[in-house]
Amino acid sequence: MGIELHHLRGFFAVAEERHFTRAAARLHVTQPTLSRTVRVLEEKVGERLLDRTTRQVELTPAGERLFGELAELLPRLDVALGPARQRRLRLAFAWMLPDSWLHEAVVRFEEVTGTQVDMLRRDDPLTELERGEADIVMVWSRVPAARFSAVTVMEEAQVAAVGRHSAWADHEALDWFDAAELPLITNPRFGATAPQEWALKHRPSHSALVGNIDEAMAQVAAGRGIAIVPETAGHTYAHPSIQFVPVRRAPSTALSFVYPRQGGHPMVSRLVEAVLGKASSDRVA
């Protein structure tokens, strides 16, 4: 049919962006060039793929079918044609992977793209990302960093990890502002809430920074302080000397996936799409 790869990539970019100018900028071509590319593709397949107006671009039924096929085929082609490193994607995390939906999303991603996801347990995943030792990281916090893109997958309530034999274990719940008066075990890199989460006038004055989740839980178990952590920790982190207490009025915490804005692994966006889709369907179910 004489269809070339740049015809398919041009159409796919417009179909994703629903906008010729944005798609052209993404592909580093001019808007007229991209318009001609899509027009040639339509001529070769013998069907109109896009409905164009002055304000928007919509897919025709034929365009929807082709877009769905290309969403599967182009990433696989990129992996097949790319260097060997593109066939592995390094996902770093500090602790506490979410429930089974993440693993299911990863398995589906690997099946569709042919790219293997290596799960890397690291004390400081953001530093690994900055050094280029990870392609994408999962953190239980919001990451306002200009160099990175951060996508929030879910939000969750926070609880207090307290020593089972400490005075704090007698409480059915703690108040967010009362918790600020207690010794706080923290490391925002893995998701234990930092003093900066409180307004300045309520900020905890007694806090200890630890290197990883194991150190934090050891301190908590010894009764030397509390750690404010995502609610999921209460279901997944078992320790005979620790219990988890609700924290009233605590802000929610976010599970975010973070990756470079420029020059990152070409399959990162596909993994994020798979994770978002699975997380959404899991919550609906």
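Good morning. I begin with Val247, which touches Gln158, Val159, Ala160, Leu174, Asp175, Trp176 and Ile228, leaving aside residues up to four places away in sequence; contact here means heavy atoms within 4.5 Å. This is a predicted model, in which local features need pLDDT of at least 70 and side-chain atom pairs count only at pLDDT 80 or more, while totals for chains, interfaces and linings use all residues. Residues are numbered from 1 along each chain as its sequence is written, and side-chain values use heavy atoms, with hydrogens and water left out.

Val247 lies in strand 12, residues 242–248. Helices (H or I, at least four residues) and strands (E, at least two) are DSSP runs, numbered from the N terminus. With 9% relative accessibility, Val247 counts as buried. Buried means under 20% relative accessible area, exposed over 50%, and partly exposed in between, with a 1.4 Å probe and protein chains only. One of the contacts of Val247 is Val159: the two are 88 residues apart in sequence, yet 5.2 Å apart in space, C-alpha to C-alpha.

In the loop between strand 12 and strand 13 (253–260) we find Arg249. Is Arg249 buried or exposed? At 58% relative accessibility, Arg249 counts as exposed. Its phi is positive, about 65 degrees, although Arg249 is not a glycine. For context, most residues other than glycine have a negative phi.

A second arginine of this kind is Arg18, whose phi is near 55 degrees, again a positive value in a residue other than glycine. Arg18 sits in the loop between helix 1 and helix 2, just after helix 1. Because its relative accessibility is 28%, Arg18 counts as partly exposed.

Let me turn to the helices, starting with helix 1, residues 5–17. Its 13 residues should span 18 Å at 1.5 Å a residue, and its end C-alpha atoms are 18 Å apart, which agrees. The expected span is 1.5 Å times one less than the number of residues. Buried residues in helix 1 are His7, Gly10, Phe11, Phe12, Ala13, Val14 and Ala15.

How do helix 2 and helix 3 cross? The axes of helix 2 (residues 20–27) and helix 3 (residues 31–45) come within 9 Å and cross at roughly 100 degrees. That makes helix 2 roughly perpendicular to helix 3. Axes are lines fitted to C-alpha atoms, for helices over the stretch in contact, and angles run from 0 to 180 degrees between N-to-C directions. Angles under 35 degrees count as roughly parallel, over 145 as roughly antiparallel, 65 to 115 as roughly perpendicular and the rest as oblique. From helix 2, Phe20, Thr21, Ala23, Ala24 and Leu27 meet Gln31, Leu34, Ser35 and Val38 of helix 3.

In helix 3, Leu34, Ser35, Thr37, Val38, Leu41 and Glu42 are buried. Viewed down the helix axis, these buried residues fall within an arc of 160 degrees, so they line one face of helix 3. The arc is that of the directions from the helix axis to the C-beta atoms. Just after helix 3, Gly46 has a positive phi of about 75 degrees.

I close with helix 5, residues 100–113, where the buried residues are Trp101, Leu102, Ala105, Val106, Phe109, Val112 and Thr113. They fall within an arc of 140 degrees seen down the axis, and so line one face of helix 5. Gly114, just after helix 5, takes a positive phi of about 75 degrees. Thank you.
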